[in-house]
Amino acid sequence: MRPVAGCSLQAQFDAMSDIDNTTSHSGRRPGPWDLPPAEAAPEPVRGRQAEPLEDKGQHPAWAIASTLLMAGFLWWITGSVIVAGAVLFGLFVHEYGHVLAMNKLGMGPARIYIIPFLGGLAKAQRNPKTEWHGVLVSLAGPAFGLIAMIPFVAAGLWLKSPEWLMGAFFIAMINLVNLLPAPPLDGSKALGPVLTRVHPRLEQVALLAVGGLAVWWGLSTGRLILAVFLGIAVFSHLRRGVWRADWGQLSWPEAGRSLALYLATAAVCAAAAIGALLPLTGGAVEPAFDMGMRFIGVGGR
């Protein structure tokens, strides 16, 4: 190569190069062996996922339609506008308990979905930070849901109306049934982590066994929709494989607190259900207990 007059050898090399000849941040002029700037730019950090889009909840039109369908279904199976209204109101308050806990624990803003013929769903924007938070969220619904009984008990006592008291009883039963340790009910999410703390297989065996019994109970007592719903949930859990989430297990102290809270919540829900029936039995506990057992179809005289 013949040098061009008036140009240095370095300048001729620069002229032959197809890269940017500006000085880099390091103070060194790039040479022909350097990568083009587009290829030399640092790659974005991999593994960093974009923030998920915020769940806006049900469309208002679908939310209204779902609520009306649910109300009509409840009226059809109960035969009472008051009892159907109580169950629907209790359903909203139950789910709102989950929402409050989710928002408090940094999982929100949570949304409520009404699922016609089945019930409701509280949906968070993100997973709980720990398994302990998950337990608290699962128990918040049944515990907070009992507040919905207050206006119906008050109206029943004031009006001396069995219908309003039965509405309060059904609200308590919604929360008590949700504590069954059968997927996907709240009880499975509250008690499941405790069983996993003992052994992961214990949770799988226990929850599937209880789920199977719940399906049998639904079929034997004529609650076909509930039986089908639980059956689908149990089958989906069988296919899931790994059950526990990635955020780890409960510690032993947390497992003890979880079990205590679960048992206390179940006891309060059961007491509230019997208490709602006491005015109908003159304050006698045993007849009220029998009425409750006849409702769930597993005993009573």
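At what angle do helix α5 (residues 131-145) and α11 pack, and how far apart are their axes? Keep that in mind while we get oriented; the model on your screen is a predicted one.

**Start with the whole chain**

Colour the protein by secondary structure. You should find 12 helices and 2 strands, arranged along the sequence as α-α-α-α-β-β-α-α-α-α-α-α-α-α. Of the 301 residues in the protein, 39% count as buried. Among contacts with a separation of 6 or more, 61% come from residues 24 or more positions apart.

**Stop 1: α5 and α11**

Now select residues 131-145 for α5 and residues 252-277 for α11. Here is the reply to the opening question: the two helices pack at about 5°, and their axes are 10 Å apart. α5 and α11 are therefore roughly parallel to each other. Show side chains next. From α5, pick Trp 132, Val 135, Leu 136, Leu 139, Pro 142 and Ala 143; their partners in α11 are Glu 254, Arg 257, Ser 258, Leu 261, Tyr 262, Thr 265 and Cys 269. Colour this contact by class and you get 9 nonpolar, 2 polar and 2 charged residues.

**Stop 2: α3 and α4**

For a second helix pair, select residues 60-78 (α3) and 81-104 (α4), whose axes come within 8 Å and cross at roughly 135°. That angle makes α3 oblique to α4, and the crossing is right-handed. On the α3 side, display Thr 67, Met 70, Ala 71, Leu 74, Trp 75 and Thr 78; on the α4 side, display Val 81, Val 83, Ala 84, Val 87, Leu 88, Leu 91 and Phe 92. This contact has 11 nonpolar residues, 2 polar ones and no charged ones.

**Stop 3: the nonpolar cores**

Nonpolar side chains in soluble globular proteins tend to be buried together. In this model the largest nonpolar core has 43 residues, and Met 149 and Phe 169 touch the most other members. The helix that gives the most to this core is α11, with 9 residues. Centre on Phe 169 and look for Ala 273, Ala 276, Leu 277, Gly 292 and Phe 295, which Phe 169 touches, leaving aside residues up to four places away in sequence. Another core, of 9 residues, lies apart from the largest one; its members include Val 99, Met 102, Ala 122 and Ala 140.

**Stop 4: Met 291**

Move to helix α12 (residues 285-296) and pick Met 291. Is Met 291 buried, exposed or partly exposed? Its relative accessibility is 25%, so Met 291 counts as partly exposed. Leaving out residues up to four places away in sequence, Met 291 touches Leu 277, Leu 280 and Thr 281. Try the distance tool from Met 291 to Leu 280: the C-alpha atoms are 9.9 Å apart, and the two residues are 11 apart in sequence.

**Stop 5: backbone details in the loops**

Most residues other than glycine have a negative phi, and most peptide bonds are trans. The following spots depart from that pattern.

- Gly 108 and Pro 109 are joined by a cis peptide bond, with omega about 5°; Pro 109 sits in the loop between α4 and β1.
- Pro 183 and Pro 184 also share a cis peptide bond, with omega about 5°; look for Pro 184 in the loop between α7 and α8.
- Phe 117, in the loop between β1 and β2, has a positive phi near 75° and is partly exposed at 39% relative accessible area.
- Lys 160, in the loop between α6 and α7, has a positive phi of about 55° and counts as exposed at 70% relative accessibility.

Technical notes
Residues are numbered from 1 along each chain as its sequence is written. This is a predicted model: local features need pLDDT of at least 70, side-chain atom pairs count only at pLDDT 80 or more; totals for chains, interfaces and linings use all residues. Side-chain values use heavy atoms; hydrogens and water are left out. Axes are lines fitted to C-alpha atoms, for helices over the stretch in contact, and angles run from 0 to 180 degrees between N-to-C directions. Helices (H or I, at least four residues) and strands (E, at least two) are DSSP runs, numbered from the N terminus. Angles under 35 degrees count as roughly parallel, over 145 as roughly antiparallel, 65 to 115 as roughly perpendicular and the rest as oblique. A crossing is left-handed if the near helix is turned anticlockwise from the far one by less than a right angle, and right-handed if clockwise. Contact means heavy atoms within 4.5 Å. Ala, Val, Leu, Ile, Met, Phe, Trp, Tyr, Cys and Pro count as nonpolar, Asp, Glu, Lys and Arg as charged, and the others, Gly among them, as polar. A nonpolar core is a set of buried Ala, Val, Leu, Ile, Met, Phe, Trp, Tyr and Cys residues joined through side-chain atoms within 4.5 Å. Buried means under 20% relative accessible area, exposed over 50%, partly exposed in between (1.4 Å probe, protein chains only).
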